[in-house]
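Trainee: Could you take a close look with me at a single part of this model? I would like to see how its pieces sit against one another, and what the numbers behind that picture are.

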Amino acid sequence: MAVDAPCAQGDESRAGGSSEDGDLPEDGGPSEDAGSVQKESEAHKGSAAEAVRLLLVEDETVIALAEAALLRRAGYDVVHASSGEAAVKTVAEDPRIALVLMDIDLGFGIDGGEAARLILAERELPVVFLTSHTEKEHVDRARGIVPYGYVTKDSGEHVLLSAIEVALRLFDANVKLQQERAKLREERELFISGPTVVFRWPVQAGHPPTYVSPNVTDLLGYTAEELQSGSITLKEIIHAEDLRRVRRQVERRAVTGKKRFVLEYRLIRRDGKPVEVRSHTSLVRARNRRPPIVLGYLQDISQERRKARALDYSYMRADWLREMARRSFSAPSPEPAVAYIVDAIREQEPDLRVMYATVDRQGRLTVQKSMQPKRFLPLESATIDLRTAPEYLAALRTGKTLVVEDVLQDARFVGGVIPSDAWGARAVLDVPLQGRGKLVGVISLHSDRPRTWPRYLVATMREIGDYLSLVLRSFAMWEQLRGNEERLRRAIDAGGLAWWEMELPSTRLVFDRGIGHVFGFPPERFKRYTDLLRLVHREDVESVRMLVERLRSREITRGSLECRVRRVDGSLAWVRVLATVSSVNDSGPPLGLCGMVEDITARKEAE
């Protein structure tokens, strides 16, 4: 006798009832013997309805009677079918059948092998083949079927019952195993249908992963087959600035024996854009001195990082603007504020180039400050004529922020000098700086890969650009005012004039440098109104006092007089004093007076 089976788990109470030895029931009908049922019920603590039902497929009546009697004595409920066709029909109609004892050679009609195939095509059942022959050609008739045993008919009662018991146990175990596998498949499908990518990777240079879940395509754009083939290397998919760190950490843990750890780094998608991931990793030591294996899963944390970065940037943006304001007000030029913000952004975005450049009226761009990773070309003091890229120059002159994810896909950069050629940039974020309605500069971020610029970064750069534009306009206006002041000073000096101002009620007096041409004294010689009166001719002092009192009492708002003053060399000079109220308190006297002093000595002498 020969028994062969895959796997299954048995049931300690297979038998629950049977019929006594006697005639076989009709094909498809169970035997019913009350006495036998009662005996088996007492023996197995069950009822006939709970007995394991077997289908015996045997075309020889004598053999069928003997085998059925044997099985009933063992506590089984037996159903008989004398042909393959009847066996197929019986299984289809009776869901209680738990096992089929199938004779391979059934005479006329389909043989046992074909009948088993038809039964298993509709329902999973354990099939134990019975045969009187052990020749290969007879056994081959059941080829292609996974049997739970082969039993020769002359093997004896114990062998047959043992084969049935083992087959039932193996079938039960196989059903449970299939259920567990189905559950695992369902859980795996649920797991990998989400954003989590599972991987298995040997810690060995140049070795591809041995497994990557199919949803890696959603994360990186590569198929699992491409990654497992070895055509895509770690160097290509891990960001260049993170690759060395990741390798060191994995190797360190392989040495220290730490089995589980978490890493965060950037991967590069097929389209060149980076994606931030968190890797939950387990390190498994292989046998036979083979390299350890890294098992784990990846989660896309780009959105999580963007939210955290957006919050960080909201705080940093306020700090940056305050510091830029402080540096702008305490410096004679905008350069300290510009240098500060370039360094600050570069510290937060180390994989980008941060650049500030001025643009003249003709469209020539000159880089004033540039901070970049080593892989970028240095651009300090570089000059580029943007007129060779007219659409790019026109876009900057609109004053709107220029957000470009890939310059090679943007029509504005086609032809002429484009940032990708001149600067080694693939993605560009440009904020034009406007001074009095004209393009005067640009602050830029460059990436050497295509990049989707996050909204928080665009908003931050736009605010910085707006503030720098305001600073540049302020300094331009200041330069213009200084120029106007210098021109006015030259005109005042040429006319022999001096400007003065007096605070009230303190009578603190301030003269500009032109007073030296009139009195011969430096401006700091006059601290108070009384210092001026000491130099006025005694016959003219009262006239000066009367003019000041009339202005202080708001009797008049402006006035003039001519008087004599003593110069530093002791000589007398005639001057004309023009005075007006400079600031007024609505509820009281003026807060200040101002005016001009004109040297009229030459005119008086001529008169």
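Mentor: Happily: we start from the whole chain, then build up one sheet and the two helices on it. The model is predicted, so to speak, by record: local features need pLDDT of at least 70 and side-chain atom pairs pLDDT 80 or more, while totals for chains, interfaces and linings use all residues. Numbering starts from 1 along each chain, and side-chain values use heavy atoms, without hydrogens or water.

The protein chain has 19 helices and 21 strands (DSSP runs of H or I, at least four residues, and of E, at least two). Of its 607 residues, 44% are buried (under 20% relative accessible area, 1.4 Å probe). Take the contacts in the chain between residues at least 6 apart in sequence: 57% of them join residues at least 24 apart (contact means heavy atoms within 4.5 Å).

Now to our part. An open sheet is built from six strands with antiparallel pairing, and reading across it gives the order β13-β12-β11-β16-β15-β14 (strands pair with at least two DSSP bridges). At the edges are β13 (383-385) and β14 (402-404), each of which pairs on one side only. On average, neighbouring strands of this sheet are turned by 20 degrees against each other, with direction ignored. Inside the sheet, β15 (residues 427-435) and β16 (residues 438-447) run antiparallel and are joined by nine bridges. One place to find this pairing in the viewer is V428, which stands opposite H446 in β16.

Two helices pack on this sheet. Helix α12 touches β11 (353-359), β12 (364-371) and β16, and the direction of α12 makes about 55 degrees with that of β12. Helix α15 touches β11, β14, β15 and β16, and the direction of α15 makes about 25 degrees with that of β15. Both helices therefore have β11 and β16 among the strands they touch.

How do the two helices sit relative to each other? Two packed helices are described by the angle between their axes and by the distance between those axes. Here the axes of α12 and α15 (residues 455-494) come within 12 Å and cross at roughly 170 degrees (axes are fitted to C-alpha atoms, angles run from 0 to 180 degrees). That is why α12 and α15 count as roughly antiparallel to each other (over 145 degrees). On the α12 side the contact is made by V338, I341 and I345, and on the α15 side by M461, I464 and L468. These residues divide into six nonpolar, no polar and no charged, with Val, Ile, Met and Leu among the types counted as nonpolar.

For a single residue to zoom in on, try Y340, which lies in helix α12 (residues 335-348). Y340 counts as buried because its relative accessibility is 19%. Leaving aside neighbours within four places in sequence, Y340 is in contact with D319, W320, E323, M324 and R327. Take E323 from that list: Y340 and E323 are 17 residues apart in sequence, and their C-alpha atoms are 8.3 Å apart in space.

To put the picture together, follow α12 in your viewer: α12 packs on the sheet, the axes of α12 and α15 cross at roughly 170 degrees, and Y340 of α12 is in contact with residues including W320 and M324.

Definitions and conventions
Buried < 20%, exposed > 50% of the residue type's maximum accessible area, 1.4 Å probe, protein only. Parallel < 35°, antiparallel > 145°, perpendicular 65-115°, else oblique.
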